[in-house]
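Reader: Before I accept the labels in this description, I would like to see the reasoning behind them. Please set each value against its definition.

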Amino acid sequence: MRYLIIALVGFCCWACTPTDKNVVVVEMEVTAPTLEADEAVFIAGSVPAFGDWQPDKVQLENKGEVWKLKVALPKGKDVAYKFTKGSWDKEATTEEGFVPRDYKLTPYSDTIIKHTVYNWKDKKHTVQGQVTGNVKYHESFPVKGLKDRDVLVWLPPNYEKETDRRYPVLYMHDGQNVFDPKTSTLGRDWEIDELADSLIRNEIIEPIIVVAIYCNPENRRDEYAYEELGDLYQEFMVGQLKPMIDKTYRTKTDRENTAVMGASMGGLISFVLAWEYNEVYQHAGCLSPAFKVVLNKKDDFDYVEKMLAYDGEKKDINLYIDNGTVGLENVLQPGIDDMLKALDKKGYEYTWILDEGAEHNEMAWAKRAAVPL
């Protein structure tokens, strides 16, 4: 079943679209809550239309509360870009002052890309680490065939007091982003510790254990995909990590009480684990999942086709899927659409939520995480 909360803003056709079929029109819209209405915003990127990385060459048009730029870009070509106030020492940052990675865009049709810039490099911020509740640290956990990584285990309230009680377990990928903003990639975490604590104390959900597994930044994409390294990661999750967690903590070990969740490529591997190891994981939370990406031969993958090829017994699987509509979310939308159609064709029920205006980051996932929990 699909739960559509807000409709997707579709692709737009512009009167000024070039006649060249190899060119598309992209409109950038930037909202910057901390800027004065008369301040200038520039885009710097990897193509001439974005100034060839010159921070003060391409200025967006100031519309008062939003800054806009409409440009023609090569169809299907990867483009990287950032925003500045005219120099690299005034580059756009996250709310806490962290410089984000380059934004990526591969336009295939005329579209609008919306960004919210929370702050700028010339405004200093410090991120304070904060973890709510009782967290156990398993540092440098060995992974067969892959790089060792840290594993964090969040225990629910009263875990130490109710010694006869056992708990369902939620496994989450990109563990550095789950509990602590200080370790998070962009300085904002999922806030799962605060969220789970609140939901449990208010008796909205049953008390659960949350296991957060750090990613390997060097091979994250490959480990979270259905490929050779992805197979090793799945074997680690099923054959190494779950047995250790079940032996060390008071868990409910059956599939009905075992879930997996992640975002982007983490959303993909969550689906893959629940699909391929359905006897282990009954539940999968797939936020902004990268089910299918067709950009170039090197990085292309398509798990929709893999799922459709399955002709075995119907799986008992509980699926939550969601996505936003801004930036990379637009790139992932076709793959999500194809997966939902495939699930419909196979007769599977699921929950899907479309979060209009949401970007592809931890802030957006934190806002939606209560639903899958």
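Author: Helices are DSSP runs of H or I with at least four residues, and strands are runs of E with at least two, numbered from the N terminus. On that count the chain has seven helices and 20 strands. The model is predicted.

Reader: How do you know whether the chain agrees with a compact globule?

Author: The globule rule is 2.2 Å times the number of residues to the power 0.38. For 373 residues this gives a radius of gyration near 21 Å, and the chain has 22 Å, so the two agree. Along its principal axes, the C-alpha trace spans about 65 × 50 × 40 Å. Of the 373 residues, 53% are buried.

Reader: What makes helix 4 mostly covered?

Author: A residue is called buried when its relative accessible area is under 20%. In helix 4, 11 of the 12 residues meet that cut-off, among them Met265, Leu268, Ile269, Phe271 and Trp275. Gly266, Gly267 and Ser270 are also on the buried list.

Reader: How do you know what span helix 4 should have?

Author: The expected span is 1.5 Å times one less than the number of residues. Helix 4 covers residues 265-276, so its 12 residues should span 16 Å; the end C-alpha atoms lie 16 Å apart, which agrees.

Reader: Why are strand 4 and strand 9 called edge strands?

Author: Pairing requires at least two bridges between two strands. The open sheet has four strands in the order 4-5-1-9, with mixed pairing. Strand 4 (61-62) and strand 9 (111-116) each pair on one side only, and they are the edge strands.

Reader: What makes strand 1 and strand 9 a pair?

Author: The cut-off is at least two bridges. Strand 1 (residues 23-31) and strand 9 have six bridges, in the parallel sense, so by that cut-off they pair. In one of these bridges, Thr31 has Thr116 of strand 9 as its partner.

Reader: What makes a residue part of the lining of the second largest pocket, and which are closest to its centre?

Author: A lining residue has an atom within 4 Å of a pocket point. The second largest pocket holds about 440 Å³ of space. It has 23 lining residues, and the closest to its centre are Ala259, His283, Asn318, Pro372 and Leu373. Strand 13 (169-172), strand 15 (258-263), strand 16 (283-287) and strand 19 (318-323) each give two or more residues to this lining. Strand 15 gives the most, with four.

Reader: How many residues of that lining are nonpolar, polar and charged?

Author: The lining has 15 nonpolar, six polar and two charged residues. Gly counts as polar in this scheme.

Key:
Residues are numbered from 1 along each chain as its sequence is written. This is a predicted model: local features need pLDDT of at least 70, side-chain atom pairs count only at pLDDT 80 or more; totals for chains, interfaces and linings use all residues. Side-chain values use heavy atoms; hydrogens and water are left out. On a 1 Å grid over the protein atoms alone, a cavity is a set of points where a 1.4 Å probe fits but cannot get out, and a pocket is an open set with protein on both sides within 12 Å along at least five of seven lines; lining residues have an atom within 4 Å of a point. Grid points are joined across faces, edges and corners, and a volume is the space filled by probe spheres set on the points. Buried means under 20% relative accessible area, exposed over 50%, partly exposed in between (1.4 Å probe, protein chains only).
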